[in-house]
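Visitor: I am new to this structure and should like to understand the terms used to describe it. May I put some questions to you?

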Amino acid sequence: MELPPALRDAVDAALEGASTAVLAEASAMLSQRYRSELRDGRFHVSEDDAARAYLAARLPATFAAVRAAMDAAEAQLQTFRPGSLLDLGAGPGTAMWAARDTWPTIDDTLMIEGSPTMRRWGETLAASAAPFRREWRAADFSKEALAIEPRDLVTIAYVLDELESSARATLIDAAWRATGTLLLIVEPGTPAGWQRILDSRAQLLDLGAHIAAPCAHEAPCPIAAPDWCHFSRRVARTKIHLRSKGAVVPFEDEKFIYLAATREPVAEHPARVLAPPRAGSGKVSLKLCLASGAAETRLITKRDGDLFKAARRIDWGDALEV
(Lines give C-alpha, C1' and ligand atoms only; values in the text may rest on other atoms or scores of the structure.)
Protein backbone atom coordinates (compact mmCIF):
# COMPACT_ATOMS: atom_id res chain seq x y z
CA MET A 1 0.00 0.00 0.00
CA GLU A 2 1.31 3.45 -0.93
CA LEU A 3 0.66 6.94 0.40
CA PRO A 4 -1.66 9.26 -1.53
CA PRO A 5 0.46 11.32 -3.96
CA ALA A 6 -0.15 14.62 -2.13
CA LEU A 7 0.92 13.12 1.20
CA ARG A 8 3.93 11.37 -0.33
CA ASP A 9 5.10 14.63 -1.91
CA ALA A 10 4.57 16.52 1.37
CA VAL A 11 6.59 13.94 3.30
CA ASP A 12 9.38 14.05 0.70
CA ALA A 13 9.50 17.84 1.04
CA ALA A 14 9.60 17.59 4.84
CA LEU A 15 12.55 15.19 4.70
CA GLU A 16 14.50 17.05 2.03
CA GLY A 17 18.03 17.75 3.24
CA ALA A 18 17.60 15.67 6.41
CA SER A 19 20.73 13.89 7.62
CA THR A 20 20.48 10.14 7.12
CA ALA A 21 22.61 9.49 10.20
CA VAL A 22 20.44 11.72 12.38
CA LEU A 23 17.25 10.13 11.03
CA ALA A 24 18.64 6.63 11.64
CA GLU A 25 19.58 7.44 15.23
CA ALA A 26 16.24 9.10 15.95
CA SER A 27 14.37 6.23 14.26
CA ALA A 28 16.17 3.64 16.41
CA MET A 29 15.32 5.53 19.60
CA LEU A 30 11.71 5.95 18.48
CA SER A 31 11.39 2.25 17.64
CA GLN A 32 12.74 1.33 21.05
CA ARG A 33 10.16 3.51 22.79
CA TYR A 34 7.32 2.00 20.77
CA ARG A 35 8.51 -1.61 21.18
CA SER A 36 8.95 -1.26 24.92
CA GLU A 37 5.63 0.64 25.23
CA LEU A 38 7.48 3.10 27.44
CA ARG A 39 5.26 5.34 29.56
CA ASP A 40 7.52 7.88 31.24
CA GLY A 41 5.33 10.99 31.05
CA ARG A 42 6.94 12.12 27.78
CA PHE A 43 5.47 12.05 24.29
CA HIS A 44 7.15 9.48 22.06
CA VAL A 45 7.70 12.25 19.53
CA SER A 46 8.66 15.54 21.14
CA GLU A 47 11.76 16.62 19.19
CA ASP A 48 12.00 17.66 15.56
CA ASP A 49 14.47 14.89 14.66
CA ALA A 50 12.12 12.30 16.14
CA ALA A 51 9.21 13.77 14.17
CA ARG A 52 11.13 13.55 10.91
CA ALA A 53 12.17 10.00 11.74
CA TYR A 54 8.49 9.21 12.32
CA LEU A 55 7.57 10.66 8.92
CA ALA A 56 10.27 8.58 7.24
CA ALA A 57 9.95 5.29 9.08
CA ARG A 58 6.51 5.05 10.72
CA LEU A 59 3.98 7.17 8.85
CA PRO A 60 3.82 4.89 5.76
CA ALA A 61 3.20 1.82 7.91
CA THR A 62 0.62 3.41 10.19
CA PHE A 63 -1.17 4.86 7.15
CA ALA A 64 -1.34 1.38 5.59
CA ALA A 65 -2.78 -0.16 8.75
CA VAL A 66 -5.35 2.59 9.34
CA ARG A 67 -6.36 2.61 5.67
CA ALA A 68 -6.85 -1.17 5.71
CA ALA A 69 -9.01 -0.93 8.84
CA MET A 70 -11.08 1.79 7.18
CA ASP A 71 -11.52 -0.39 4.09
CA ALA A 72 -12.96 -3.14 6.28
CA ALA A 73 -15.29 -0.72 8.05
CA GLU A 74 -16.39 0.83 4.76
CA ALA A 75 -17.26 -2.61 3.38
CA GLN A 76 -19.57 -3.19 6.36
CA LEU A 77 -21.10 0.33 6.22
CA GLN A 78 -21.62 0.82 2.51
CA THR A 79 -24.10 3.69 2.93
CA PHE A 80 -21.88 5.55 5.42
CA ARG A 81 -20.93 8.96 4.03
CA PRO A 82 -19.21 10.82 6.88
CA GLY A 83 -18.88 14.57 6.68
CA SER A 84 -16.85 15.06 9.86
CA LEU A 85 -13.88 13.43 11.57
CA LEU A 86 -12.43 13.57 15.08
CA ASP A 87 -8.95 12.06 15.38
CA LEU A 88 -7.76 11.51 18.95
CA GLY A 89 -3.98 11.34 19.21
CA ALA A 90 -3.62 12.52 15.63
CA GLY A 91 0.18 12.55 15.37
CA PRO A 92 0.99 14.18 12.04
CA GLY A 93 -2.55 13.61 10.77
CA THR A 94 -2.12 10.09 9.40
CA ALA A 95 -5.70 8.98 10.09
CA MET A 96 -7.05 12.20 8.59
CA TRP A 97 -5.28 11.44 5.31
CA ALA A 98 -6.48 7.82 5.39
CA ALA A 99 -10.07 8.85 6.22
CA ARG A 100 -10.30 11.38 3.40
CA ASP A 101 -8.79 8.82 1.03
CA THR A 102 -11.50 6.34 2.09
CA TRP A 103 -14.40 8.77 2.40
CA PRO A 104 -13.93 11.90 0.23
CA THR A 105 -17.16 13.28 1.73
CA ILE A 106 -15.23 14.32 4.88
CA ASP A 107 -14.72 18.08 4.83
CA ASP A 108 -14.67 18.96 8.54
CA THR A 109 -11.84 17.56 10.66
CA LEU A 110 -10.65 18.04 14.24
CA MET A 111 -7.26 16.59 15.17
CA ILE A 112 -6.29 16.41 18.84
CA GLU A 113 -2.60 15.85 19.53
CA GLY A 114 -0.55 16.54 22.63
CA SER A 115 2.89 16.90 21.05
CA PRO A 116 3.48 20.45 19.70
CA THR A 117 6.09 19.05 17.30
CA MET A 118 3.65 16.55 15.82
CA ARG A 119 0.91 19.18 15.53
CA ARG A 120 3.27 21.49 13.67
CA TRP A 121 4.27 18.78 11.20
CA GLY A 122 0.65 17.70 10.83
CA GLU A 123 -0.35 21.23 9.87
CA THR A 124 2.56 21.40 7.43
CA LEU A 125 1.60 18.15 5.70
CA ALA A 126 -2.11 19.03 5.61
CA ALA A 127 -1.34 22.26 3.75
CA SER A 128 -0.67 20.04 0.71
CA ALA A 129 -4.12 18.46 0.79
CA ALA A 130 -7.18 19.61 -1.12
CA PRO A 131 -9.05 22.39 0.75
CA PHE A 132 -11.20 21.30 3.69
CA ARG A 133 -11.92 22.53 7.21
CA ARG A 134 -9.28 21.40 9.69
CA GLU A 135 -8.55 22.31 13.27
CA TRP A 136 -5.80 21.18 15.61
CA ARG A 137 -6.09 21.16 19.39
CA ALA A 138 -3.75 20.16 22.20
CA ALA A 139 -4.62 17.62 24.88
CA ASP A 140 -2.85 15.12 27.12
CA PHE A 141 -5.08 12.05 27.41
CA SER A 142 -3.12 10.79 30.40
CA LYS A 143 -4.06 13.84 32.46
CA GLU A 144 -7.41 15.20 31.29
CA ALA A 145 -10.86 14.04 30.25
CA LEU A 146 -12.32 15.26 26.99
CA ALA A 147 -15.69 16.76 26.22
CA ILE A 148 -16.02 17.18 22.46
CA GLU A 149 -18.95 17.77 20.15
CA PRO A 150 -19.89 14.60 18.20
CA ARG A 151 -18.41 13.78 14.81
CA ASP A 152 -19.58 11.20 12.26
CA LEU A 153 -16.28 9.33 12.42
CA VAL A 154 -13.93 9.13 15.43
CA THR A 155 -10.49 7.52 15.20
CA ILE A 156 -7.92 6.45 17.81
CA ALA A 157 -4.87 5.05 16.01
CA TYR A 158 -1.73 3.79 17.76
CA VAL A 159 -2.60 5.75 20.91
CA LEU A 160 -3.85 3.31 23.58
CA ASP A 161 -0.40 1.72 23.92
CA GLU A 162 0.90 5.05 25.27
CA LEU A 163 -1.66 5.18 28.12
CA GLU A 164 -2.17 3.44 31.43
CA SER A 165 -5.32 1.30 31.68
CA SER A 166 -7.39 3.88 33.58
CA ALA A 167 -6.55 6.61 31.06
CA ARG A 168 -7.39 4.23 28.21
CA ALA A 169 -10.83 3.53 29.65
CA THR A 170 -11.47 7.26 30.12
CA LEU A 171 -10.45 7.98 26.54
CA ILE A 172 -12.64 5.20 25.11
CA ASP A 173 -15.61 6.54 27.07
CA ALA A 174 -15.03 10.09 25.80
CA ALA A 175 -14.51 8.85 22.24
CA TRP A 176 -17.76 6.90 22.28
CA ARG A 177 -19.70 9.89 23.57
CA ALA A 178 -18.26 11.90 20.66
CA THR A 179 -19.10 9.22 18.05
CA GLY A 180 -21.97 9.98 15.72
CA THR A 181 -21.80 6.76 13.69
CA LEU A 182 -18.42 4.98 13.68
CA LEU A 183 -15.54 4.68 16.16
CA LEU A 184 -12.40 3.10 14.73
CA ILE A 185 -9.52 2.01 16.98
CA VAL A 186 -6.21 0.73 15.58
CA GLU A 187 -3.38 -0.76 17.64
CA PRO A 188 -0.09 -2.57 16.97
CA GLY A 189 -0.64 -6.22 16.05
CA THR A 190 1.03 -7.59 19.16
CA PRO A 191 -0.48 -9.73 21.92
CA ALA A 192 -0.56 -6.60 24.11
CA GLY A 193 -2.25 -4.58 21.35
CA TRP A 194 -4.82 -7.32 20.90
CA GLN A 195 -5.55 -7.31 24.64
CA ARG A 196 -6.12 -3.54 24.54
CA ILE A 197 -8.56 -4.04 21.68
CA LEU A 198 -10.35 -6.78 23.67
CA ASP A 199 -10.61 -4.45 26.67
CA SER A 200 -11.98 -1.66 24.46
CA ARG A 201 -14.41 -4.07 22.81
CA ALA A 202 -15.82 -5.18 26.15
CA GLN A 203 -16.12 -1.58 27.35
CA LEU A 204 -17.85 -0.44 24.17
CA LEU A 205 -20.32 -3.34 24.20
CA ASP A 206 -21.19 -2.39 27.79
CA LEU A 207 -21.80 1.16 26.55
CA GLY A 208 -24.27 -0.11 23.94
CA ALA A 209 -22.01 -0.13 20.89
CA HIS A 210 -22.21 -2.66 18.08
CA ILE A 211 -19.18 -4.32 16.48
CA ALA A 212 -18.90 -3.96 12.70
CA ALA A 213 -15.39 -5.38 12.12
CA PRO A 214 -13.18 -7.32 12.26
CA CYS A 215 -15.21 -9.58 14.56
CA ALA A 216 -17.90 -11.65 12.87
CA HIS A 217 -20.02 -11.49 16.05
CA GLU A 218 -20.45 -9.74 19.39
CA ALA A 219 -19.90 -12.82 21.53
CA PRO A 220 -16.72 -13.27 23.61
CA CYS A 221 -13.60 -13.57 21.46
CA PRO A 222 -12.90 -17.27 20.72
CA ILE A 223 -9.15 -16.71 20.25
CA ALA A 224 -7.11 -17.85 23.25
CA ALA A 225 -3.51 -17.06 24.20
CA PRO A 226 -0.82 -17.75 23.16
CA ASP A 227 -2.63 -17.12 19.86
CA TRP A 228 -3.89 -13.59 19.17
CA CYS A 229 -5.93 -11.82 16.51
CA HIS A 230 -4.05 -9.48 14.18
CA PHE A 231 -3.61 -8.63 10.52
CA SER A 232 -0.86 -7.43 8.19
CA ARG A 233 -0.26 -4.97 5.36
CA ARG A 234 2.83 -4.89 3.16
CA VAL A 235 4.39 -1.42 2.84
CA ALA A 236 6.86 -0.41 0.13
CA ARG A 237 9.89 1.33 1.60
CA THR A 238 11.18 4.51 0.00
CA LYS A 239 14.92 5.22 -0.23
CA ILE A 240 14.79 7.54 2.79
CA HIS A 241 12.77 4.90 4.65
CA LEU A 242 15.42 2.29 3.93
CA ARG A 243 18.25 4.57 5.02
CA SER A 244 16.53 5.74 8.20
CA LYS A 245 16.00 2.13 9.31
CA GLY A 246 19.28 0.77 8.01
CA ALA A 247 17.28 -1.76 6.01
CA VAL A 248 17.91 -3.52 2.69
CA VAL A 249 14.57 -5.30 2.11
CA PRO A 250 12.41 -2.98 -0.05
CA PHE A 251 9.25 -3.61 1.96
CA GLU A 252 8.02 -4.26 5.47
CA ASP A 253 4.94 -5.98 6.85
CA GLU A 254 3.02 -3.85 9.33
CA LYS A 255 1.14 -6.01 11.84
CA PHE A 256 -1.95 -4.37 13.34
CA ILE A 257 -5.28 -5.03 15.02
CA TYR A 258 -8.38 -2.82 14.92
CA LEU A 259 -11.95 -2.46 16.08
CA ALA A 260 -14.85 -0.76 14.29
CA ALA A 261 -17.75 0.07 16.63
CA THR A 262 -21.04 1.57 15.46
CA ARG A 263 -24.15 3.18 16.92
CA GLU A 264 -26.45 0.89 14.95
CA PRO A 265 -25.99 -2.84 14.29
CA VAL A 266 -24.69 -3.84 10.86
CA ALA A 267 -26.96 -5.87 8.60
CA GLU A 268 -24.80 -9.00 8.65
CA HIS A 269 -21.43 -10.28 9.76
CA PRO A 270 -19.40 -12.22 7.18
CA ALA A 271 -16.67 -14.54 8.36
CA ARG A 272 -13.20 -13.00 8.78
CA VAL A 273 -9.95 -14.64 7.62
CA LEU A 274 -7.66 -14.69 10.67
CA ALA A 275 -4.42 -15.95 9.11
CA PRO A 276 -2.71 -16.23 5.73
CA PRO A 277 -4.64 -18.75 3.58
CA ARG A 278 -2.93 -22.07 2.91
CA ALA A 279 -3.61 -23.15 -0.67
CA GLY A 280 -2.94 -26.53 -2.22
CA SER A 281 -4.01 -28.41 -5.28
CA GLY A 282 -7.78 -28.02 -5.45
CA LYS A 283 -8.11 -26.83 -1.86
CA VAL A 284 -7.72 -23.82 0.43
CA SER A 285 -7.42 -23.97 4.21
CA LEU A 286 -8.77 -20.88 5.98
CA LYS A 287 -8.72 -19.92 9.65
CA LEU A 288 -12.03 -18.13 10.13
CA CYS A 289 -13.87 -16.10 12.75
CA LEU A 290 -17.53 -17.04 12.28
CA ALA A 291 -20.83 -15.30 12.98
CA SER A 292 -21.67 -18.16 15.35
CA GLY A 293 -19.00 -16.84 17.75
CA ALA A 294 -16.56 -19.64 16.98
CA ALA A 295 -13.16 -19.66 15.32
CA GLU A 296 -12.25 -22.66 13.20
CA THR A 297 -10.01 -23.82 10.39
CA ARG A 298 -12.11 -24.78 7.39
CA LEU A 299 -10.97 -26.72 4.33
CA ILE A 300 -12.63 -25.48 1.15
CA THR A 301 -12.31 -27.59 -2.00
CA LYS A 302 -13.37 -27.48 -5.64
CA ARG A 303 -16.54 -29.28 -4.61
CA ASP A 304 -17.60 -26.04 -2.88
CA GLY A 305 -17.97 -24.31 -6.25
CA ASP A 306 -18.25 -20.52 -5.99
CA LEU A 307 -17.04 -20.56 -2.40
CA PHE A 308 -13.83 -22.23 -3.57
CA LYS A 309 -13.36 -19.59 -6.26
CA ALA A 310 -13.79 -16.86 -3.65
CA ALA A 311 -11.43 -18.62 -1.24
CA ARG A 312 -8.71 -18.79 -3.91
CA ARG A 313 -8.77 -14.97 -4.11
CA ILE A 314 -9.11 -14.25 -0.42
CA ASP A 315 -6.38 -12.71 1.71
CA TRP A 316 -5.55 -12.44 5.41
CA GLY A 317 -8.02 -10.06 7.05
CA ASP A 318 -10.63 -10.23 4.28
CA ALA A 319 -14.31 -10.95 4.85
CA LEU A 320 -15.87 -14.06 3.34
CA GLU A 321 -19.49 -15.15 2.98
CA VAL A 322 -19.66 -18.79 4.07
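Visitor: What span is expected of helix H4, and what span does H4 reach?
Guide: In this predicted model, H4 comprises residues 59-76, 18 residues in total. At 1.5 Å a residue, 26 Å is expected, and the distance from the first C-alpha of H4 to its last is close to that, at 26 Å.

Visitor: Why is H4 called largely enclosed?
Guide: A residue counts as buried when its relative accessible area is under 20%. In H4, 15 of the 18 residues are buried, so the rest of the structure largely encloses this helix.

Visitor: What does H4 give to the largest nonpolar core?
Guide: That core has 88 residues, and Leu88, Phe141 and Ile156 are among those with the most contacts inside it. H4 gives the most to this core, namely 9 residues.

Visitor: What makes H3 oblique to H4?
Guide: Helix H3, residues 48-57, packs against H4 at an angle of about 55°. Angles under 35 degrees count as roughly parallel, and 65 to 115 as roughly perpendicular. The angle of about 55° belongs to neither class, so H3 is oblique to H4. The two axes are 4 Å apart. Tyr54, Leu55, Ala56 and Ala57 of H3 make the contact with Leu59, Pro60 and Thr62 of H4.

Visitor: Which residues of helix H1 are buried, and how do you know on which side of H1 they lie?
Guide: In H1, residues 5-15, the buried residues include Leu7, Ala10, Val11, Ala14 and Leu15. They cover an arc of only 130° around the axis, and therefore lie on the same side of H1.

Terms used. Residues are numbered from 1 along each chain as its sequence is written. This is a predicted model: local features need pLDDT of at least 70, side-chain atom pairs count only at pLDDT 80 or more; totals for chains, interfaces and linings use all residues. Side-chain values use heavy atoms; hydrogens and water are left out. Helices (H or I, at least four residues) and strands (E, at least two) are DSSP runs, numbered from the N terminus. The expected span of a helix is 1.5 Å times one less than its number of residues. Buried means under 20% relative accessible area, exposed over 50%, partly exposed in between (1.4 Å probe, protein chains only). The arc is that of the directions from the helix axis to the C-beta atoms. A nonpolar core is a set of buried Ala, Val, Leu, Ile, Met, Phe, Trp, Tyr and Cys residues joined through side-chain atoms within 4.5 Å. Axes are lines fitted to C-alpha atoms, for helices over the stretch in contact, and angles run from 0 to 180 degrees between N-to-C directions. Angles under 35 degrees count as roughly parallel, over 145 as roughly antiparallel, 65 to 115 as roughly perpendicular and the rest as oblique. Contact means heavy atoms within 4.5 Å.
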